[in-house]
Amino acid sequence: MQKDLKIGMILGLVLVTVAMLWLFAVEEKSRGKGIGTALLNAFEENCKKHGVTWIILYAPVDSEETRQFYEKRGFALGNAFTEYLKQLT
């Protein structure tokens, strides 16, 4: 019998030589076990196979844990941007 495991996921999109990492999450009780690192490494390897030279992602600015996770894996803090929203009616 197959169990419905919900531990982590990653979702990105390759746009020529840039990849956008849209969604990246690991279940809270499963964090710190290398799952996020494994997901990110697999995403990066897949990007390299497709000729990607940059990965762009957005993460919460108020999470020190998140910042440390990405910086430890070679990501640098980019420029601050303002989010614009428009509701279509």
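## The β1-β2 hairpin

Start with Gly8: its bridge partner in β2 is Val26. Just along from there, Met9 stands opposite Ala25 in β2. Both pairs belong to the antiparallel pairing of β1 with strand β2 (residues 18-26), which runs over eight bridges. Pairing here takes at least two DSSP bridges between two strands. The elements themselves are DSSP runs numbered from the N terminus: helices are H or I over at least four residues, strands are E over at least two. This is a predicted model, so local features need pLDDT of at least 70 and side-chain atom pairs count only at pLDDT 80 or more, while totals for chains, interfaces and linings use all residues. As for bookkeeping, residues are numbered from 1 along each chain as its sequence is written, and side-chain values use heavy atoms, with hydrogens and water left out.

What sits at the turn? The hairpin of β1 and β2 has two residues between the strands, and Val16 takes a positive phi near 60 degrees there. Most residues other than glycine have a negative phi. Val16 is also exposed, with a relative accessible area of 69%. The cut-offs are under 20% relative accessible area for buried, over 50% for exposed and partly exposed in between, using a 1.4 Å probe and protein chains only.

## The sheet and its helix

Zooming out, the hairpin is part of an open sheet of three strands, ordered β1-β2-β3 with mixed pairing. The edge strands, each pairing on one side only, are β1 (8-15) and β3 (54-57). On average, neighbouring strands of this sheet are turned by 30 degrees against each other, direction ignored. While the hairpin is antiparallel, β2 and β3 run parallel and are joined by four bridges. One of the contributors is Val18, whose bridge partner in β3 is Trp54.

Helix α1 (residues 35-49) lies across β1, β2 and β3, and runs at about 160 degrees to β2. Axes are lines fitted to C-alpha atoms, for helices over the stretch in contact, and angles run from 0 to 180 degrees between N-to-C directions. Cys47 is a residue of this helix, and it counts as buried because its relative accessibility is 3%. Leaving aside residues up to four places away in sequence, Cys47 touches Ala19, Val52 and Ile55, where contact means heavy atoms within 4.5 Å. Glu28 is another story: Cys47 and Glu28 are 19 residues apart in sequence, and their C-alpha atoms are 26 Å apart.

## Overall layout

The whole protein has two helices and three strands, following the pattern β-β-α-β-α along the sequence. Its C-alpha trace spans about 45 × 35 × 30 Å along the principal axes. Of the 89 residues, 18% count as buried. Among contacts between residues at least 6 apart in sequence, 49% join residues at least 24 apart.

## A nonpolar patch

The protein exposes about 7800 Å², with carbon and sulfur atoms supplying 56% of it. These areas come from the Shrake-Rupley method with a 1.4 Å probe, and for residues only the protein chains shown count as cover. Met9, Leu11, Leu13, Leu15, Trp22, Leu23, Ile56, Tyr58 and Phe81 form a nonpolar patch on the surface, together worth about 960 Å² of accessible area. The elements giving two or more residues to this patch are β1 and β2, and the largest share, four residues, comes from β1. Leu23 lies in strand β2 and counts as partly exposed at 36% relative accessibility.

Patch members need over 30% relative accessible area and no salt bridge; like charges are joined within 9 Å, and nonpolar side chains (Val, Leu, Ile, Met, Phe, Trp, Tyr) within 5 Å.

## Salt bridges on the helices

How many salt bridges does a search of the whole structure find? Three, each being a side-chain nitrogen of Lys or Arg within 4 Å of a carboxyl oxygen of Asp or Glu. One of them links Lys48 to Glu45, with the closest N and O atoms 3.4 Å apart. Lys48 and Glu45 are three residues apart in helix α1, so about one helical turn separates them. Lys48 is exposed at 55% relative accessibility, whereas Glu45 is partly exposed at 42%.

Over in helix α2 (residues 64-72), Arg67 and Glu64 lie three residues apart, about one turn of the helix, and their side chains meet in a salt bridge at 2.1 Å, N to O. Arg67 also forms a salt bridge with Glu71, the closest N and O atoms being 2.4 Å apart. Salt bridges that share partners thus join Glu64, Arg67 and Glu71 into one network. By relative accessibility, Arg67 is partly exposed at 33%, as are Glu64 at 43% and Glu71 at 37%.
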